[in-house]
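Visitor: Could you take me through one part of this structure up close? I'm new to this, so please go step by step.

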Amino acid sequence: MVDEVLDILEPERGGVFIDLTLGGGGHAAHVLRRGPQVRLIGVDRDPAAIAAAGAHLAEFQDRVTLVQSNHGQVREVLAELGVDTVDGLLLDAGVSSHQLDTPERGFSFSHDAPLDMRMGPDAQRVTDLIDDTSERDLAKILGTYGEIRGAGRLARAILRARAQGVLETTAQLAELAGPRRGKRVHPATKLFQALRIAANRELDSLEVVVDSLPDVLAPGGRAAFISFHSLEDRIVKHGVRSLEDGCTCPRDLPECACGFVQKVKRYGGLRRPGEKEIAVNPRSRSARLRGAVRLQEA
Ligand SMILES: C[S@@+](CC[C@H](N)C(=O)[O-])C[C@H]1O[C@@H](n2cnc3c(N)ncnc32)[C@H](O)[C@@H]1O
């Protein structure tokens, strides 16, 4: 959804932009090309992504600063660079194609590999997550992040397999999810997604970024969020809404007395990829894009 992202961020305006999910630097390159006056800070928790993006963005290197960090630390990252606010912010959530397609990272059940799924060194291995989680909490993870029916039964089977020493690899995990039925999504897809989201605490850091928008965006600054999971999209949608109306006064009070000042509002509505994009890149099928802007006068 490159064009739609650029429509929101409008890099032609110039200024300091931050890409909080740099990946291979695909979106970042478009931003830098479209905005010759843009200085870009690229953040990723994955050292392999930082290396790949460094090579991909080599032609722009005098305008780019790369930081390996969790974007939940966005305020700290900016403070360390001596940057108060940014004019554009991009967060393209989830796992990258590079991560999915590197078998030894353990994100995919298409190849047998150790059960890892860490996006970066700050995350937990999936095997460690399973070992540290009770059956009840594991069932909750599978039900909430994977919308898996029979999550309790599957959680029990996973813990039993770990206890028996027969759950070390992606193939062993996929087998526990059961076979694919008809044209439905493979049950292992949901299982892998649920465990990946939990092991990488993906939703926590997204929430921090949305909450930080009033501080991090400069007046007129724009943010674009791409999400792939309904829970991510909900965090962005509700988070921005609550920034629009953060007044905590009782409803019957004639005037606001809590001192809330609105600084951020939605920028455009929900955007989804068109059929053409889905045909070229089937992984984009579930993508959702939302924008936000920092008000000029606040
Ligand atoms: C979907 S990919 C981004 C692809 C990128 N927009 C591009 O065009 O190449 C998501 C990237 O975000 C990174 N990531 C996910 N959660 C993160 C977090 N909490 N902090 C920093 N990076 C994160 C992943 O490591 C991955 O490289």
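**A close look, from helix pair to sheet**

Guide: Let's start with two helices: helix 4 (residues 74–81) and helix 11 pack at an angle of about 35°, and their axes are 10 Å apart. Those two values are the usual way in, since two packed helices are described by the angle between their axes and the distance between the axes. Keep in mind that this is a predicted model.

Who meets whom here? On the helix 4 side you'll find Val74, Arg75 and Leu78, and they meet Val209, Ser212, Asp215 and Val216 of helix 11. Sorted by class, the residues of this contact are four nonpolar, one polar and two charged.

Helix 11 (202–216) has another job to show you: along with helix 2 and strand 2, it supplies at least two residues of the shell around the ligand. That shell has 20 residues, and Thr21, Gly23, Gly26, Ser96 and Ser205 come nearest to the ligand. By class, the shell holds three nonpolar, twelve polar and five charged residues.

Now for the sheet. It's an open one with seven strands in the order 3-2-1-4-5-7-6, and the pairing is mixed. At the edges sit strand 3 (64–68) and strand 6 (264–266), each pairing on one side only. On average, neighbouring strands are turned by 15° against each other, ignoring direction. As a bit of background, strands of a sheet pair through backbone hydrogen bonds, either parallel or antiparallel.

Find strand 1 (residues 15–19) next. Four of its five residues are buried, so strand 1 is largely enclosed by the rest of the structure. With strand 2 (residues 38–44) it pairs in the parallel sense over five bridges, and Asp19 has Gly42 of strand 2 as its bridge partner. To get from strand 1 to strand 2, the chain passes through helix 2 (residues 26–34), making a right-handed β-α-β crossover. Helix 2 itself lies across strand 1, strand 2 and strand 4, and runs at about 175° to strand 2.

Strand 1 also runs parallel to strand 4 (residues 86–92), with three bridges joining them. Look for Phe17, whose bridge partner in strand 4 is Gly88, and for Ile18, which stands opposite Leu89 of strand 4. Helix 1 (residues 2–9) packs on the sheet too, touching strand 1, strand 4, strand 5 (217–227) and strand 7 (288–294). The direction of helix 1 makes about 160° with that of strand 5.

Methods: Residues numbered from 1 in each chain as written. Predicted model: local features only at pLDDT ≥ 70, side-chain atom pairs only at ≥ 80, totals over all residues. Buried ≥ 20, exposed ≤ 12 C-beta atoms within 10 Å, placed from the backbone. Pairing = 2+ DSSP bridges. Right-handed = clockwise from strand over helix to strand, strands pointing away. Near = placed C-beta within 6 Å. Nonpolar A, V, L, I, M, F, W, Y, C, P; charged D, E, K, R; others polar. Axes fitted to C-alpha atoms, helices over the stretch in contact; angles between N-to-C directions. Contact = placed C-beta atoms within 7 Å.
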